[in-house]
Structure formats: C-alpha cells, structure tokens
Amino acid sequence: MSTTVDKSKVPWWVSNLIVPLVNLTLALLVSALFIFIAGENPYQAIKLIIYGSFGYIEGFAYTLYYTTNFIFTGLAFAVAFHCRLFNIGGEGQAYIGGLGVFLVAINVSFLPVPIVWILSIAGAFIFGAAWAFIPAYLQAKRGSHVVITTIMFNFIASSLMVYLLVDVIRDMKQMGPHTVALPEEMWLPSFKDFAALFGINIRYSPLNASFLLAIAASFFVWYLVWKTKWGYEMRAVGHNTQAAIYAGISPYKNIIIAMLISGGLAGLLSINEVLGVHHKIVSGFPAGYGFTGIAVALMGRNHPIGIFPAAFLFGILYQGGSEVTFDMPNITRYMFVAVQGVIILFSGALENLFRPQIESWFVNKLNKQVEA
Amino acid sequence: MVSPILQLHNINKSFGHVQANKNINLTINKGTIHGIIGENGAGKSTLMSIVYGLYQADSGTIKVNEKEIKLKSPKDSIEHGIGMVHQHFMLVENFTVLENIVLGFEGEVIFGKKLEKAKTDLNNLCKTYSLNVDLNSIISDLSVGFRQRVEILKSLYRGAEVFILDEPTGVLTPQEVDELFKILRSLKEEGKTIVLITHKLNEIMDLTSEVSVMRQGEVVGHTKTDHTNREKLAEMMVGRSVLLRINKSKTQRGDVAFKVENLTVKDDLDVTRVKNVSLEIHAGEILGLAGVTGNGQTELLEALSGIRKVESGEIFLNGKKISDSVEHLNPRELKEKGLAHIPEDRQRMGLVNDFKAYENLIFGYHDQEPYSKSSIMKEHKILDYSKKLMEEYDVRPRSPHLMTSNFSGGNQQKLILSRELNESPKILLVGQPTRGVDIGAIEFIHQRLIDMRDKGAAILLVSVELEEVLSLSDRIVVMFDGKIVGERINKDVSDRELGLLMAGVA
C-alpha cells in the first residue's frame, strides 16, 4: 500500500503535464534504442526529425497538415470515449465522410462557394455520423460491442469505397480509382495562396483552411462535453451507467448521440483531404489517420487542450519521420510505425506505470515545502 | 487470572495524507469479548487489517502472548492464532463447506485418512461450539448466518485463539444475531478471545466485557462495559452528546399520496422478486418497510422509482396512474412530479464518482431550471447552489470542485441526501438512509426525514436496521420472500415480533 496516493493532493500539472512528459521521454528513449540497433545514430535522427518538421516552411506546413487530420480523428475518439465507447472506426467514418463531401459539393456547385463549403462540411459530418450509426445502434439495442462492429465497418467502408471508385463514381476518362476533380473555385484556400499574399513563395503545401476548422471543432467538443446537458449526460452514462438510469438518463440515447458526433468528427477529416488537398476522392485517403487518432486522444487525455499538442506531436513524427527515411537508408517507413507504437504503448497502455511514483514524489515534496 | 493475549503499542498507519491510525495502544485480554466501536472512518478496520496482516503498520509493535511478532501477511497471523471473519465472506460459492475449509490446506488433508480425520475434527468442533453446520452442503445453498458460521469454523480449524469479527451482524436477522451471540459466548467459555468491531451500541452492551472507542484514528477511551452506558459510548464516539432516540411528534396523516396495487416485479435474471405487493402511503406518514436484505426490497424500490419495469400491477401517485406493465414514467419524469428516490446502494447508483461534487449535486435535476437552460449548463448557478447545499448539510470538505471519489463515504452520502431532500419532494422513497453513515450524521438524517414528514411528505423507508425502522416509522410492513407478510402500527409492536416476521416464521 506504499504507493497509495491521495489524489486530491496531486496538483493538476503533475498528472496532466509531468506524467505525460515522462512517458513521452521514455518512449523516445526506447525509440532511440531502436534506431541505434538499426545501425543509425539516434542523435542525428532526432536532429533530422526536428529539421524536417520545423526547419523550413514547407516542412512545417506539412507538420500542421498532418496535425489537422489527427485533431479530427483524436476528437472523434475522445467524444465517444467520454461515453466509454471505444470507437476505433474513425478510419471508415472518415472514408464515408469523403463520399458525403464529394456528393454534396458536386451536386450544389451552382451555389455560392462559401455555402458549398458549409454544405460540404455538413455532408462530411452527416455521412461520417451515418456510418457510425449502425454500430451505435447495435451497441445500444443489441449489446454488440462497438470495438468489434466499428473495426468491421472499417473494412466494409473500404470495400464499398473501392467498389464505388472503380465502378460507379470513377473519372471514366482515366484508369485510376479516383473521381473527377471538383471545380477549382471550390477548393479550400491553401497555405500556399495565403503565403503568396505576403510575398512568400512556396512550392507546394497540402496545408489548407481545414486547419482552422480543426481548431473550431476543438472548441465545439470542449463546449459540448463540459458545458452542455448532452455532454453531462454522455459522461454520466460513460462513468456509471446504473447511476445514469437512476437519474433518468437514457443510456441508449446517449450511446447513439456520442457515436453520431464521434463519427461526424471523423468524417470532417475528409474536408481536409477531399476539399483541401486532393480535390477529389482518391482511394484509401484516410491512410491510417483514424487509428493514429486513438493514440492522439489517449495521449491528450481525451481533452481538446491535450489533443492539440498530441496531434502536433504526431504531426512532427509523421513529417520528421519521412525526412529521416529519405536520409537514413537503414530506417524504413515501418520504423516510424514502430516509434508510434512505442509512444502509444507508453502513453496509452502503460500510462499508469510511473504515475503513482511520480505523483507521490511530488506530493511528498510539496508537503515538505508547506511544512518548512 | 487476566493475561494479555494481544498487545498493540504505538501503531501508526497512514495512507498518503490521511493518518488512519495514530499511536494506537490496545491490550486485549485472554478469554474476553472485547468491543471496538467507532464511527465510519475512525480507523477500526484499518487497525484490524494490520493485526490480521493485510496491511503493515508504518511503526509500532504487535505482541501475541507477550512475545513481539512480525506480521507480513494473513498467513503469519493465522500461524500466531489470529483469525478473522470478514464483513464480506471469503468463501467459494460452489464448493462444499468441507472443501472451503480445507482450501489452502489441500496439500495436507485432501486425500484419504487425513481428510477423514479433518472431518471428525470439524464435526467435533461443530458440536463443542454448537455451530450446527453440515460439512457437505454447498455454500450457495446456505443462508448468510450459516456462511458466517463456516467462516468461524474455518478459523477454529486453523487453530485461531483470537477471533476478529468485522461488523458481523450487518446482514443478519435478529434471530440470527441471537444465534451468533450464543456461539460467540460459547467460544469465550472455551477460553477463546473475541474482538468485535461494530458501530452498534446494543451489541457492545449485550456481549462485551471490555470496550475501546476509536475516533479519527485514535483510541479515545477504554472501559469495562459494566462501567458505561450507551449514551456515554455514543458521546465518546462522536465527541459530543448525541440524541439516540429521535423526538417525534404524532403524525398528521393526510390522504393517500402513493398507492401500489398487486405489484409484481422481476429481477435481471427473470426471477420474480416482488410478488403481488400492495401498499398505501399517506401524506405526512413514514411507512417503514422492514426485512432481511434480498427479500425483494431492492427490486420494489427500483420499480417504484421508475428504474425497473413492472411485470404486473399498478402504481398511483396522488391518484394518477404512473406505472403499469405496459408503460411507466421514467425516473426523471417522476422527479418532476415530486417523487424523490434515495437509492440503497448509493455509491453505485446515486453518484458518478468521476464527476465533480457540484455535478453530482444536480444529478437527475440537471435539465431543470435554473441548473440548465436550453441544454446549456448554468455553471455559476449550479456552483452557488452547491455551496449553499454543502454548507447546509455540512459536507466536508466544502469544495464543489473536488472530485466526488475524493470525498469520504459519509460525505458522499450527504451529497446524495442533500440533493434529494432539498427538492422538498412530496413522495420520498428512501433505501437504507443511514447505511455506512456515522452516528452524528444518522441523527441529522433522521431529523430531516421527520421534518419532511411533518411538512406533509409521504415517505417509504426501506431499511434492514430494525432499530431505524422502529424509531422513525408510523406504520411498519414486513417483507419476506417478495411478499408483504405483516403490517403493524409502530407503537404496538416488539422487535421480537418483527424479527419473526422478517425470518418468515410468523
């Protein structure tokens, strides 16, 4: 019992800053060991990561572009998690969300552009939500676990989209599995255009106005979860379903609401990819962001304020990591998947490994200061 | 000849910031029944867990038969002849009594002659102490009272000289309590020593020869039981004088406010737990529902409060039907109609532990004004209200932002009580209002319930504490095996009579 800590005495910054930072440092040390074993210099690798993600403007823009995707999928996972639902179907929900963006944008192209954007955002949200609805319904009414159903729905989404992209909505003038491009005036303003206004010339950058949408979504999630009745009820169901029933809060309703919002947020990823970057649906555009979002949310403790830096960190790893793989032949893309894995391991699964020790150390130290 | 069998010197134990035991000195004499009494959180259970080897003390020494010993695990304490009967029995439900007792000793006795010898030994022990336990019955077939005897037999068989009983009567009927006390007395006759941990003053007065009182982690008094009385002990426990029997005026009974007709309810496993129950509660009346735990009270309360579906029968609130087998109002709709429910298992059902205190103080009322408006929570209003409520009900610490799980059990209870009572409900369903609450708070809660009654509320009080039912109720019904087996006017009934009804024998 020597590690029992009186939680009320632990300052917030210890549990929310120091502990994650210690976990992250440990993860990076283990990763450095991997790189060393692979025959490269870890110090050089870290320098390359930092250069790749911060060192020049295009690189930094790429970092923020990845960050945008991770914010969406991280928020998606977090909202469901507050209702204790493990929505690991962000990947599929984002993919189907892309279908929503494209169908809306192409069908309302006669409207003024800002309205097309708003409708497309709604389309992304609604299609993503709809794809989450079936697992949500099965969980709420039939008790089929969302982990199983959402992961299966990722595969169904993938197959469905491949079918559509090959046989139904493919740009028939060419062979690749993607649609026609949307009219250029509908493309979201890109960072390249923005920089040009200030006379800065950039070769290419996928970063676009969706980054602002991601920040807006973060505020939306914060407000929803902590300031509204819906968030209150979702958290009640998530923490203690029996108590929720006692208080007249319907678990069914809240499971469905939480999953719809979660799926909708995952769907917004396609605003970045379809409206901002590719300007069409390309096969496989969610590219694993949905899964990385789980790690982002866990690391960010399911709070928008935590999700933002966590998403940024993964942005650095993605962008800096690709820089490393260019320059260090012994390090492949998969090495960075392993690095991500280690980070997820330390900040997710082993999150509480050192927490009691760190917290009790700080509690004791602070007590001494008070006494002194 | 009095000789100490167990001596504790300057025992200290803290958990994080909380010092659960402070400089405890305690001497327990051989062949006595020694009571340890104190409020919840006074440190009784911690101290006994140290003696039983579950926790290690931070400092201090323990002596058995005047020899200092080190206790690292329950195994050490069993070797030194210390046995414990826990509040929650540590038995394997689908094993027989014999299997449970030899469990952990299998290597030595499970086969052949040794098992036969174990059986003979156990049967002899049963006879000596009139335990009356059949070694071949399966635990799950035994009543709670008998399971407790199995625990005692287990300790006896392992050679215990000192028996620690932690709140042993909480789950027993009055008759079972009598039986248990007989067994404990016969253990004492045979020279065994018993340490009885309880918060019930009656048990101390009935059974013990010496008593130690604990308060806030310290032993605040030691006395021969003959030299004290209930009032003095209560005062020592709380640190101020306490009213043990509530002052209650005669009731001003109004019209029937709540009516239940032929109600049948099933539990989650589809077993019928409430059988054809009819009840009437008048405004300005407390109806006590007595009964041993598990006779359908839980399901009845859940059905009445809209949590559980009704199988058949009807429920009326102020003459209007609110539930039948076809449809029922949900708990929130019932709250709006003035029905409040304080659930039996409050930590599990009444609170969200991971919520902040202020979030729990509006739980179930969260979509009513002024706490929320058009689905937006009004945090400032909730906080102002919470501060007022915490002040009025003396919830400690008074910090609405503190996580609920960081409050002590008694203060968590106060959070729920304050929430439900403050809405001045017209009908109040209360399950075990004082379970796990300390004696100072019991007085407060009882007074609140009487006040509510005097203001005209109809109250259904479900409690397994017979004393509580007797001291609060105007009318009493007894529930056994899902049925109402008797109704009595409070002033005409004895504990004995109620006890027989509760056991289903009358």
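**Figure 1. Two tyrosines in one helix form a tilted ring pair.** Buried here means under 20% relative accessible area, exposed means over 50%, and partly exposed lies in between. A:Y62 has a relative accessibility of 25%, so this residue counts as partly exposed. A:Y66 is at 14% and therefore counts as buried. The model shown in this and the other views is predicted. The rings of A:Y62 and A:Y66 lie 6.1 Å apart, centre to centre, with 40 degrees between their planes. Both residues belong to helix α3 of chain A, which spans residues 57-82. They sit four residues apart, about one turn of the helix.

**Figure 2. Ring pairs build a cluster in chain A.** A:Y62 and A:Y66 appear here again, now with further partners. The cluster also takes in A:Y65, A:F70, A:Y289, A:F314 and A:Y318. Over all chains, the whole structure holds 29 aromatic pairs.

**Figure 3. A:W13 and A:F362 meet edge-to-face.** The ring centres of A:W13 and A:F362 are 5.5 Å apart. Their planes stand at 85 degrees, so the pair is edge-to-face. This contact links distant parts of the chain, 349 residues apart. A:W13 comes from helix α1 of chain A, and A:F362 from helix α15, residues 355-371. A:W13 is partly exposed, with a relative accessibility of 33%. A:F362, in contrast, is buried, at 14%.

**Figure 4. Charged side chains lie over tyrosine rings.** In chain A, A:R333 lies over the face of A:Y334. The distance from A:R333 to the ring centre is 5.0 Å. A second view pairs residues from chains A and B. Here B:K335 lies over the face of A:Y246, at 4.4 Å from the ring centre.

**Figure 5. The second largest pocket has residues of chains A and B in its lining.** The space in this pocket is about 2,100 Å³. Its lining counts 50 residues. A:S15, A:N16, A:R301, A:H303 and B:M403 lie nearest the centre. Helix α1 of chain A, residues 12-37, gives the most to this lining: seven residues. By class, the lining has 23 nonpolar, 15 polar and 12 charged residues.

**Figure 6. The largest cavity is lined by residues of chain A.** Rolling a probe the size of a water molecule over the atoms shows where empty space is left. The structure holds three cavities of 30 Å³ or more. The largest has a volume of about 50 Å³. Its lining consists of A:V19, A:P20, A:N23, A:L298, A:M299, A:R301, A:S347, A:E351 and A:R355. Two elements of chain A, α1 and α12 (289-299), each give two or more residues to this lining. Helix α1 gives the most, with three. Four lining residues are nonpolar, two are polar and three are charged.

**Figure 7. The second largest cavity draws its lining from two domains of chain B.** About 40 Å³ of space lies inside. The lining residues are B:G170, B:V171, B:L172, B:T173, B:V292, B:T293, B:V464 and B:M502. Domain 1 (4-238) and domain 2 (256-502) each supply at least three of them. Five lining residues are nonpolar and three are polar. This lining has no charged residue.

Conventions
Residues numbered from 1 in each chain as written. Chains lettered and ligands numbered in written order. Predicted model: local features only at pLDDT ≥ 70, side-chain atom pairs only at ≥ 80, totals over all residues. Heavy atoms only, no water. 1 Å grid on protein atoms, 1.4 Å probe; cavity = no way out; pocket = protein on both sides within 12 Å on 5 of 7 lines; lining within 4 Å. Points joined across faces, edges and corners; volume = space filled by probe spheres on them. Nonpolar A, V, L, I, M, F, W, Y, C, P; charged D, E, K, R; others polar. Phe/Tyr/Trp six-rings, centres within 6.5 Å; stacked < 30°, edge-to-face > 60°. Buried < 20%, exposed > 50% of the residue type's maximum accessible area, 1.4 Å probe, protein only. Lys NZ or Arg CZ within 6 Å of the ring centre and 35° of its normal. Domains from an automatic or database assignment.
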